Amino acid sequence: MNALIFVVFCFCSCLISLFSKKNDNVFLFVVSSLIFAFLIGNRSITDVPDTIVYHNFYKETIPLSLADFGNYGFEPGFQILTKLFKLFTFGYHELFFTLICLFNFYFTYKILNNFSENKNLYLVIGLNLYLVYFGLFYNAIVLRQGLALTFVVYAISLYYNKPENKKAYVTICLLFLLAFSMHVSSVVGIISFLIFKYSKSKGINHYIITLFLCVFTYFSKFGVAVLLLFFSLIDKFLQTLKGTVFEKYLFYQSQLTDITYEISFKILFFYVVAVIILLNFLELTKKDLRLVNVFFFGLFLVSFLGFVEQISRITDYFLIFSFVILYKIFIKIKNKDSRIIFLGLTLGLQLFFVFRIINRV
C-alpha cells in the first residue's frame, strides 16, 4: 500500500467534505470508501504484518465445504465469511481484502449515523477518523478482531440510538454472537456495553482526576509489578489447558509475558484525545459522556496494562470509541479554521503512529 497516496487522499477527502453540501455526503462516503478499500486491499502481502497468513488461508480454504475447518485456528465465523467472500472474489486475494474493508465501511456508515443527531453529516470526516488508526490497523493487519470490533461498536450504536427498542436488543445480542464468532476477545466488548448502559455522566473534575491517575500509573510503571504477579497466576491457569480443545490458546502464554518497557506513542495519543475531550467537555451531552466513560475505562486499563502488547489490544474495545467522540466534537465545531486544525492534529498523529506499525519502524 502506498502510504503517501493514502495520507494525501485522507486529507483531500476531508477538505472536500468540509466545503461540500450536506446532500453530497453519502456520495462522498461511497466514493471515499471504494478508494480507501482499494488502497488497503492492494497492500503488500510480505511487508504488512499478518497479511501473508490471511492470504494463505484465503487461497487454501474451500468454498461450500466445512472439511478444512481444522486446518487453521481461526474462529468459525471468520472462516465461514472468508468462504462466502471467496465465491465472489474468484481467487483474487486483493478483491477479498477490498471486500472485507467495504464490509466494515458499510457498518461504519451505520455507526456514524446512529451516534449522530444530524444524519449523514460529515460522514467522510467520521470515516477518516475511524480509518487513520483503528480502521487502517484492523482492516490491513488484524482482520478478525477488526470485524469483531465493528460488530461491537455497531451493537452499542444501536442501543445509543434506540435504548428502549426491544427489537434492537435482539439485534444487539446477535451482533455480539457474530463478534465472538470472529474473535474470542470480543467477549470484552460486553463490558463496554454494560459501562455505556449503566454508567452515569460525571463532572469534569472526575475526568481530570482520572486522567492524572492514568498518566501517573503509566509513567511510574506501577502496573508492571502487579502484572508480573498476575502473569504467574495466568501461567498456572494456562497450563491446565494442555490436552484440551483450548490448547491452541497456549500461544498467548508467551505473548502475555512479553513486556515492553518503551513508552508507547499510541498511549500518548490517547492522552491527547482525553485532553481534547476535556477541552470540549461542555459541548458533550449526557449520552456522549457515557461514551466518554467507556473511553476513560479503556484509558485506565491501557495505562495499567499497556506494557503488554496483547493486553493493550484488548483495551481497544473501549478506546475505539474515541473516534466516535472526536467525530461528535468535530460536528459541534463551528469555525472552519478550527476544524482544519482539529483534523490536522487528530488525523496526523494517528497516521504517524499506524504507519510506524505497518512499516515496522
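1. A first check concerns helix 13 (residues 265-279), whose 15 residues should span 21 Å at 1.5 Å a residue; the end C-alpha atoms of helix 13 are 21 Å apart, which agrees with that expectation. The reader should keep in mind from the outset that this is a predicted model.

2. The buried residues of helix 13 are Lys 266, Ile 267, Phe 269, Phe 270, Tyr 271, Val 273, Ala 274, Ile 276, Ile 277 and Leu 278. One of these, Tyr 271, deserves attention for its partner in another helix, since the side chain of Tyr 271 makes a polar contact of 2.7 Å with the side chain of Ser 303, and Ser 303 lies in helix 14 (residues 286-305).

3. Is Ser 303 itself buried or exposed? Ser 303 has a relative accessibility of 0% and therefore counts as buried. Besides the link to Tyr 271, a polar atom of the Ser 303 side chain lies 3.5 Å from the backbone oxygen of Cys 214. When neighbours within four places in sequence are left aside, the residues in contact with Ser 303 are Cys 214, Thr 217, Tyr 218 and Tyr 271.

4. A second buried polar residue can be read in a similar way. Asn 104 is found in helix 5 (residues 93-115), and Asn 104 counts as buried because its relative accessibility is 0%. Which side chain does that of Asn 104 join through a polar contact of 2.9 Å? The partner is the side chain of Asn 139.

5. The surroundings of Asn 104 bring together separate parts of the sequence: leaving aside neighbours within four places, Asn 104 is in contact with Tyr 130, Asn 139, Gly 146, Leu 147 and Thr 150. In the case of Gly 146, the separation from Asn 104 is 42 residues in sequence, while their C-alpha atoms are 8.2 Å apart in space.

6. Turning to the nonpolar interior, the largest nonpolar core has 114 residues, of which Phe 78, Phe 105, Phe 115, Phe 295 and Leu 299 touch the most other members. Helix 6 (residues 123-140) gives the most to this core, contributing 14 residues. Apart from the largest core lies another, made of 5 residues, among them Leu 227, Phe 304, Leu 305 and Val 308.

7. Phe 78 offers a useful place to inspect the contacts of one such core member. With neighbours within four places in sequence left aside, Phe 78 is in contact with Tyr 54, Phe 57, Phe 96, Ile 100, Leu 143, Arg 144, Leu 147, Ser 181 and Met 182. Leu 147 also appears among the contacts of Asn 104.

Note on methods
Residues numbered from 1 in each chain as written. Predicted model: local features only at pLDDT ≥ 70, side-chain atom pairs only at ≥ 80, totals over all residues. Heavy atoms only, no water. Core = buried A, V, L, I, M, F, W, Y, C linked by side-chain atoms within 4.5 Å. Buried < 20%, exposed > 50% of the residue type's maximum accessible area, 1.4 Å probe, protein only. Helix = DSSP H or I, 4+ residues; strand = E, 2+ residues; numbered from the N terminus. Contact = heavy atoms within 4.5 Å. Polar contact = N/O pair within 3.5 Å; in protein donor to acceptor, adjacent residues only side chain to side chain. Expected span 1.5 Å × (residues − 1).
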